[in-house]
Amino acid sequence: HLSIRRQRQMCIRDRVNTSNIQNIILELFNENLLRGKGLLCRAIMKAQMASPNFTHVYAGLIAVINTKLPAIVKLLIERVLIQFQRAFKRNNKIVCMATTRMLAHLVNQHVVHELLALEMLTLFLTNPTEDSVEIAADFMIECGQVLTDITPAGVNAIMESFRTILHLSLIHISEPTRLLSI
């Protein structure tokens, strides 16, 4: 029954944290996830937007689901990317920050390819604004170490873009220490 499945997935979403993720995963795999994949994706996205501090937990959950049911994770990634594209076009900084944080943690979990991360960083830094540089800096803080390990040449190019923006003062940066901490 659809409403029961929805209630279970919403309940699971509200209870997930680092201490009980193993139990939540077992509960999830007892559900018919293929039939309720849209509901699960929506529940995870809403939960991540509501509490971005637990993004790493949701990314871990997604990574485990990806090992057994990659079709669900593909749907989730597509939806997160669409949400990011809409937020970026509308200059919605809050949603943009949340979606980039989710994608950064998915890069950390090796669910999303590092080229997507480099493309996003290039998008942010091609026509820099104060907000886009701030989002790019937060994105690098979240997944920069993994990117450095996987593709040092790509990270060097991104860091060169950051240096150029900083040295040429292309934009007014309210928190230059954030850039320096990368």
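**Exercise 1. Find the handedness with which H3 and H6 cross, then describe how the two helices pack.**

Start with the handedness: in this predicted model, H3 and H6 make a right-handed crossing.

Next, take the geometry. Two packed helices are described by the angle between their axes and the distance between the axes. For helix H3 (residues 37-50) and helix H6 (residues 93-108), the axes cross at roughly 115° and come within 10 Å.

Now look at who touches whom. H3 brings Ile44, Gln48 and Met49 to the contact, and H6 meets them with Val95, Ala98, Arg101 and Met102. Sorted by character, the residues of this contact comprise five nonpolar, one polar and one charged.

**Exercise 2. Decide whether cysteine 41 and cysteine 96 are buried or exposed, and count the disulfides.**

Begin with the cut-off: a residue is buried under 20% relative accessible area. Cysteine 41 has a relative accessibility of 1%, so cysteine 41 counts as buried. Cysteine 96 comes to 3%, and therefore is buried too.

Then turn to the bonds. A disulfide is a covalent bond between the sulfur atoms of two cysteines. With a cut-off of 2.5 Å between the sulfur atoms, the model has zero disulfides.

**Exercise 3. Explore the largest nonpolar core: which residues touch the most other members, and which helix gives the largest share?**

First, the contacts: among the 54 residues of this core, Leu106 and Phe162 touch the most other members.

Second, the contributors: at least two residues each come from helices including H2 (21-30), H3, H5 (70-89), H6 and H9 (152-168).

Finally, the share: H8 supplies the largest one, with nine residues.

Key:
Residues are numbered from 1 along each chain as its sequence is written. This is a predicted model: local features need pLDDT of at least 70, side-chain atom pairs count only at pLDDT 80 or more; totals for chains, interfaces and linings use all residues. Side-chain values use heavy atoms; hydrogens and water are left out. Axes are lines fitted to C-alpha atoms, for helices over the stretch in contact, and angles run from 0 to 180 degrees between N-to-C directions. Helices (H or I, at least four residues) and strands (E, at least two) are DSSP runs, numbered from the N terminus. A crossing is left-handed if the near helix is turned anticlockwise from the far one by less than a right angle, and right-handed if clockwise. Contact means heavy atoms within 4.5 Å. Ala, Val, Leu, Ile, Met, Phe, Trp, Tyr, Cys and Pro count as nonpolar, Asp, Glu, Lys and Arg as charged, and the others, Gly among them, as polar. Buried means under 20% relative accessible area, exposed over 50%, partly exposed in between (1.4 Å probe, protein chains only). A nonpolar core is a set of buried Ala, Val, Leu, Ile, Met, Phe, Trp, Tyr and Cys residues joined through side-chain atoms within 4.5 Å.
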